[in-house]
Amino acid sequence: MRVVIFEDNEIKYIDVKDVLNSMGITEVTLVTNAADGISYINDCLENGNVVDFIISDMNFPLCYGVKPEIFAGNWLVDYFRHNKIKIPIIICSTMSIDFDDVYGCIQYEPNTDLWKDELKRMIQWLE
């Protein structure tokens with residue numbers, strides 16, 4: 001499976017990647033801003049490389065070199081909807097949110113394993 005993670009926090013990225021690796025998912029691409037992520041995904045689509053799902057934070061920079069934007073995840077979801085890109089998105093954020101236009105939402109809490117179990121369940125449903 002090919003997974004793209006939109007995340008600008010290295011520790012959180014490593015935590016999420018460790019969960020994926022524990023499930024045998026090793027083709028993981030990190031993007032730290034929306035512009036690079038959209039470019040990567042569009043390249044994959046143009047070249048016939050399937051992206052199975054996306055894990056996205058809610059707050060990350062829209063482009064390289066700028067500060068994180070609150071609810072950049074909303075922008076990302078809107079971009080996918082507007083451009084009719086049908087890749088499942090899992091929101092994994094420190095914020096507790098409910099978002100209708102995504103596959104699922106997980107509240108990331110680094111001091112507990114509950115979020116990891118929830119992420120694993122969601123991924124298993126995708127397989």
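**Entry 1: Phe 71**

I looked up Phe 71 and placed it in the loop between S3 and H3. The model is a predicted one, and I read every value below as computed from it. For Phe 71 I noted a phi near 65 degrees, a positive value in a residue other than glycine. I recorded this because most residues other than glycine have a negative phi. The relative accessibility of Phe 71 is 38%, so I entered this residue as partly exposed.

**Entry 2: Lys 84**

I then turned to Lys 84, which lies in the loop between H3 and S4. Its phi is near 55 degrees, again a positive value in a residue other than glycine. Is Lys 84 buried or exposed? I entered Lys 84 as exposed, because its relative accessibility is 67%.

**Entry 3: Overall fold**

I next went through the secondary structure and listed four helices and five strands. Along the sequence I read the pattern β-α-β-α-β-α-β-β-α. I compared the radius of gyration, 13 Å, with the 14 Å that the globule rule gives for 127 residues; the two are close, so I described the protein as being as compact as a globular protein of that length. Taken along the principal axes, the box filled by the C-alpha atoms is roughly 35 × 30 × 25 Å.

I also noted how contacts are spread along the chain. Among those between residues at least 6 apart in sequence, 61% join residues at least 24 apart.

**Entry 4: Surface and charge**

I recorded an accessible surface of about 7000 Å², and 47% of this belongs to carbon and sulfur atoms. Of the 127 residues, 41% count as buried. For the charged side chains I wrote down 10 positive and 21 negative, with the centres of the two sets 3 Å apart.

**Entry 5: Nonpolar cores**

I asked which residues have the most contacts inside the largest nonpolar core. They are Phe 6, Ile 54 and Phe 80, in a core of 22 residues. The elements giving two or more residues to this core are strand S1 (2-6), helix H2 (34-46), helix H3 (72-82) and strand S4 (89-93). Apart from this core I found another, of 18 residues, including Val 16, Val 19, Val 28 and Ile 123. As background I noted that in soluble globular proteins nonpolar side chains tend to be buried together.

I followed Phe 80 further. With neighbours within four places in sequence left aside, Phe 80 is in contact with Ile 38, Ile 41, Ile 54, Ile 85, Ile 87 and Ile 89.

**Entry 6: Ser 56**

I located Ser 56 in strand S3 (residues 53-56). The relative accessible area of Ser 56 is 1%; the cut-off for buried is under 20%, so I entered Ser 56 as buried. Not counting residues up to four places away in sequence, I listed Phe 6, Gly 73, Leu 76, Ile 89, Ile 90, Ile 91 and Cys 92 as the residues that Ser 56 touches.

**Entry 7: Ile 90**

From Ser 56 I went on to Ile 90, which lies in strand S4. I entered Ile 90 as buried, because its relative accessibility is 0%. Leaving aside neighbours within four places in sequence, I found contacts of Ile 90 with Phe 53, Ile 54, Ile 55 and Ser 56, among others. The list for Ile 90 also includes Tyr 103, Gly 104, Ile 106, Leu 119, Met 122, Ile 123 and Leu 126. I noted a separation as well: the C-alpha atoms of Ile 90 and Gly 65 are 25 Å apart, with the two positions 25 residues apart along the chain as counted by their numbering.

**Entry 8: Gln 107**

I placed Gln 107 in strand S5 (residues 104-107). Its relative accessible area is 32%, so I entered Gln 107 as partly exposed. Which residues does Gln 107 contact, leaving aside neighbours within four places in sequence? I listed Ser 93, Thr 94, Met 95, Ser 96 and Trp 115. Gln 107 and Asp 57 are 50 residues apart in sequence, and their C-alpha atoms are 9.9 Å apart in space.

**Entry 9: Val 50**

I closed with Val 50, in the loop between H2 and S3. I entered Val 50 as exposed, because its relative accessibility is 53%. The C-alpha atoms of Val 50 and Met 1 are separated by 8.3 Å, although the two residues are 49 residues apart along the chain.

How values were computed: Residues numbered from 1 in each chain as written. Predicted model: local features only at pLDDT ≥ 70, side-chain atom pairs only at ≥ 80, totals over all residues. Heavy atoms only, no water. Core = buried A, V, L, I, M, F, W, Y, C linked by side-chain atoms within 4.5 Å. Buried < 20%, exposed > 50% of the residue type's maximum accessible area, 1.4 Å probe, protein only. Contact = heavy atoms within 4.5 Å. Rg over C-alpha atoms; globule rule 2.2 N^0.38 Å. Areas by Shrake-Rupley, 256 points an atom, 1.4 Å probe, with all protein chains shown as cover. Lys, Arg positive; Asp, Glu negative; His and termini not counted. Charge placed at Lys NZ, Arg CZ, Asp CG, Glu CD.
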